[in-house]
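User: Please take a close look at one part of this model, the place where two helices pack against each other, and then set that part in the context of the rest of the chain.

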Amino acid sequence: MGRKGIAAVAALTALAALAGGAAGCTVRPAGADGEHRSPVRTEAPGRTPSTPSSPSRTPDGDGDGDGEKSSPAPRVLWSPGDSGRDIRELQARLRQVAWIFHGPTGTYDDLTAEAVRGFQGKRGLPGTGVTDSVTWQRLLGMTHEPGRWELYLMGGQPADAPDARCRTGRVLCISKTSRTLRWMIDGRTVSTMPVRFGSEYTPTREGVFHVYWKSRHHVSTLYDSPMPYAMFFSGGQAVHFSADFAARGYAGASHGCVNVRDEAAIAQLYGQVRNGDKVVVHW
């Protein structure tokens, strides 16, 4: 065979080798059953999610599936029906990124699941509505550690022990530490509710007082704002319902009054408290 013939054979051999090598470069799509996929769904161009995956290959190419494997599913941390302090933190962090506007309540309800699903979808994560480890880490990276009154923004905090001055008689026992009001009769707690106080510029006075006037449909003459179920105990300061507290929680403050956000609770309290009953505001 002459030199031209040898060169032609060599060229054909090289072309065949290149064609065989290209056929071995493939992309394997995720499994159709959804098991053990990466937290972020990816698809190979021109393939559909229902295309079955090719078998895993070991380094020696025997195809027994003992080589490369898909990533395990992320661990589920919380799901609908769960409750507790961790759920409060989840809800508080979702509030920070404007994915939830109620609570925190401490209960993983339908609104929380919907907010989680929206957060996941926005970031390319599977929209399950269940908080898994991947979703949680992404949320942690976008938010700050919530403080106590972010966790209890709309109430729900436990009341601290009543002041010693509250243990006798009929008393509105109001704690600035736990931001709660206990209605007590002869040392027994009848009801408890979250309350809000004045700002640093208009502080709620502390000490022992007495209810001297009740006004069911009161309107402030100083601020021209409604003060329903007002029970005055010190100058113009009173315990009363606050629509602003009901809407904004501890994100706001009063002008010195003790605000109650639960209208049904204060309506019942208003019907039980009498002029002359003691009021104790303490830390």
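Analyst: A crossing of two helices is called left-handed if the near helix is turned anticlockwise from the far one by less than a right angle, and right-handed if it is turned clockwise. In this predicted model, the crossing of H2 and H4 is left-handed. The two elements are helix H2, residues 85–96, and helix H4, residues 133–142; they pack at an angle of about 55°, and their axes are 10 Å apart. H2 and H4 are therefore oblique to each other, since angles from 65 to 115 degrees would count as roughly perpendicular and those under 35 degrees as roughly parallel.

On the H2 side, the contact is made by Glu89, Leu90, Arg93 and Leu94, which meet Trp136, Leu139 and Leu140 of H4. By type, the residues of this contact comprise five nonpolar and two charged, with no polar ones.

H2 also takes part in a second set of contacts, through Leu151. Leu151 belongs to helix H5, residues 148–151. With its neighbours within four places in sequence left aside, Leu151 is in contact with Arg85, Arg88, Glu89, Ala92, Pro104 and Pro146. Glu89 is thus a contact of Leu151 and is also one of the H2 residues that meet H4. Pro104 is 47 residues from Leu151 along the chain, yet their C-alpha atoms are separated by 6.1 Å. Leu151 has a relative accessible area of 6%, and because buried means under 20%, Leu151 is buried.

Beyond these helices, the chain contains an open sheet of nine strands with mixed pairing, in the order E6-E11-E3-E4-E5-E10-E9-E8-E7. Strands E6 (207–210) and E7 (213–219) stand at its edges; each has a single partner strand, so one side of each is left without a neighbour in the sheet. From one strand to the next, the twist averages 30°. The pairing of E7 with strand E8 (residues 226–234) is antiparallel and runs over six bridges, and Lys214 has Met231 in E8 as its bridge partner. Helix H7, residues 263–272, lies across E3, E4, E5, E7, E8, E9 and E10, and runs at about 45° to E8.

For the protein chain as a whole, the secondary structure comes to seven helices and 11 strands. Of its 283 residues, 37% are buried. Among contacts with a separation of 6 or more, 53% are between residues 24 or more positions apart.

How values were computed:
Residues numbered from 1 in each chain as written. Predicted model: local features only at pLDDT ≥ 70, side-chain atom pairs only at ≥ 80, totals over all residues. Heavy atoms only, no water. Axes fitted to C-alpha atoms, helices over the stretch in contact; angles between N-to-C directions. Helix = DSSP H or I, 4+ residues; strand = E, 2+ residues; numbered from the N terminus. Parallel < 35°, antiparallel > 145°, perpendicular 65-115°, else oblique. Contact = heavy atoms within 4.5 Å. Nonpolar A, V, L, I, M, F, W, Y, C, P; charged D, E, K, R; others polar. Pairing = 2+ DSSP bridges. Buried < 20%, exposed > 50% of the residue type's maximum accessible area, 1.4 Å probe, protein only.
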